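Hi everyone, thanks for coming. Let's have a look at the picture together before I start talking.

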Amino acid sequence: MAARASIPFRGIPVRTRRRIWAGSEAWLLPAAGALVALVLVASTLLPREASWLVALTVVIVLGVPHGALDGAVAAPLLRPRYGRAWFGIFAVPYLGLAALVLVAWQIAPRVTLAGFLALSVMHFGEEDAGPGRPFEALVRGALPIALPALLRPDETAGLFAAVTRVALPQLPVWWSAASWLWLGLAACWIVGQRRRPTMLAEMAALACAFWLLPPLAAFTLYFVGLHGPRHMRALVRDPHRAPGIDTMPRAVRASLPVFGLTLLIGAGLWPLYAAGSPDAAAALLALTLQMLSALTVPHVLLDRLAGRLGASSLEVPACAPIRRPQPAPSRR
């Protein structure tokens with residue numbers, strides 16, 4: 001009995017589980033987010049390298065696990081067809097595509113940077129705005145990419161000089177131009193019609209964060225405080241994409257094996273990155289953001305695939321025409 005009592009959700013229906021977690025989520029996640037925000041704000045008082053290390057630690061520990069749930073998304077798609085071999089069929093192309101992105105960073109860092117930022121805009125926008133809102137997705141997804149370029153261009157250039165390992169005395173012209181274009185589009189979109197107050201408040205809070213904080217700290221606040229939890233909550237609330245993930249604690253536990261594998265891969269790559277960096281903070285920055293970009297590509301593709309297959313499975317087939325019984329011929 002004691003063992004059963006220690007597992008609070010055992011025997012409780014899924015809908016009840018979701019309601020219980022929704023009640024605790026109302027205060028637990030905001031409290032954790034406030035604590036992380038305080039840590040990031042305090043870290044800005046440290047020297048630049050130390051501040052980078054704090055932000056990157058937060059990204060690795062609290063941000064990366066949301067992508068580690070891709071195995072839980074792939075399992076219901078592949079296991080019915082391939083049985084026990086599903087994980088290999090999922091992991092080999094997933095890791096192979098990630099490896100190609102890492103190679104691209106070494107061969108063409110500037111081009112890979114542009115592709116990474118464009119993919120990030122699309123991915124952040126789809127998560128923040130939801131399906132069927134392409135213009136809103138562009139405005140909201142580009143916010144954490146454009147604002148650092150507009151508000152702190154020199155710091156942002158120094159940040160990505162460490163990531164790309166090429167000299168960036170200033171931001172690329174295409175990034176600055178695209179950021180100013182985004183600002184005009186965002187202003188037109190906001191004043192064009194009445195928007196949801198909660199969404200405007202979120203965008204205003206992010207704008208203040210990117211104005212007051214260094215680029216890496218502000219991006220970490222967005223990535224860990226909004227993007228990651230939003231993705232995990234979407235999985236918890238969707239009974240089809242990851243059926244076994246019905247509460248946030250289960251989502252966290254399910255992410256741990258792949259998260260551990262990600263840490264092992266990063267540890268294996270660390271000597272290669274440390275050898276070509278002037279300090280540990282710059283090496284960890286390059287390794288972390290390059291690995292994030294490498295994992296983002298298969299992560300986005302899997303999200304697209306799961307969304308399409310889930311939508312097709314929910315389509316109601318057309319009903320066959322009802323044949324009404326013919327009246328029996330009358331006998332005369």
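I'll go through a few helices and then one buried residue.

First, a word on the source: this is a predicted model, where local features need pLDDT of at least 70 and side-chain atom pairs count only at pLDDT 80 or more, while totals for chains, interfaces and linings use all residues. Residues are numbered from 1 along each chain as its sequence is written, and side-chain values use heavy atoms, leaving out hydrogens and water.

Let's begin with helix α11, residues 215-237 (helices are DSSP runs of H or I, at least four residues, numbered from the N terminus). How far apart are the end C-alpha atoms of α11? They are 32 Å apart, which agrees with the 33 Å that its 23 residues should span at 1.5 Å a residue. That expected span is 1.5 Å times one less than the number of residues. Still, α11 has a kink of about 30°, centred on Phe223; the bend is the angle between axes fitted to the seven residues ending there and the seven starting there. Of the 23 residues in α11, 17 are buried, and buried means under 20% relative accessible area, exposed over 50%, partly exposed in between (1.4 Å probe, protein chains only).

Now find Val300, in helix α13, residues 280-314. Is Val300 buried or exposed? Val300 is buried because its relative accessible area is 3%. Val300 touches Leu119, Met122 and His123, not counting residues up to four places away in sequence; contact means heavy atoms within 4.5 Å. The C-alpha atoms of Val300 and Gly67 are 9.6 Å apart, though 233 residues separate them along the chain.

Note on methods:
Helix = DSSP H or I, 4+ residues; strand = E, 2+ residues; numbered from the N terminus.
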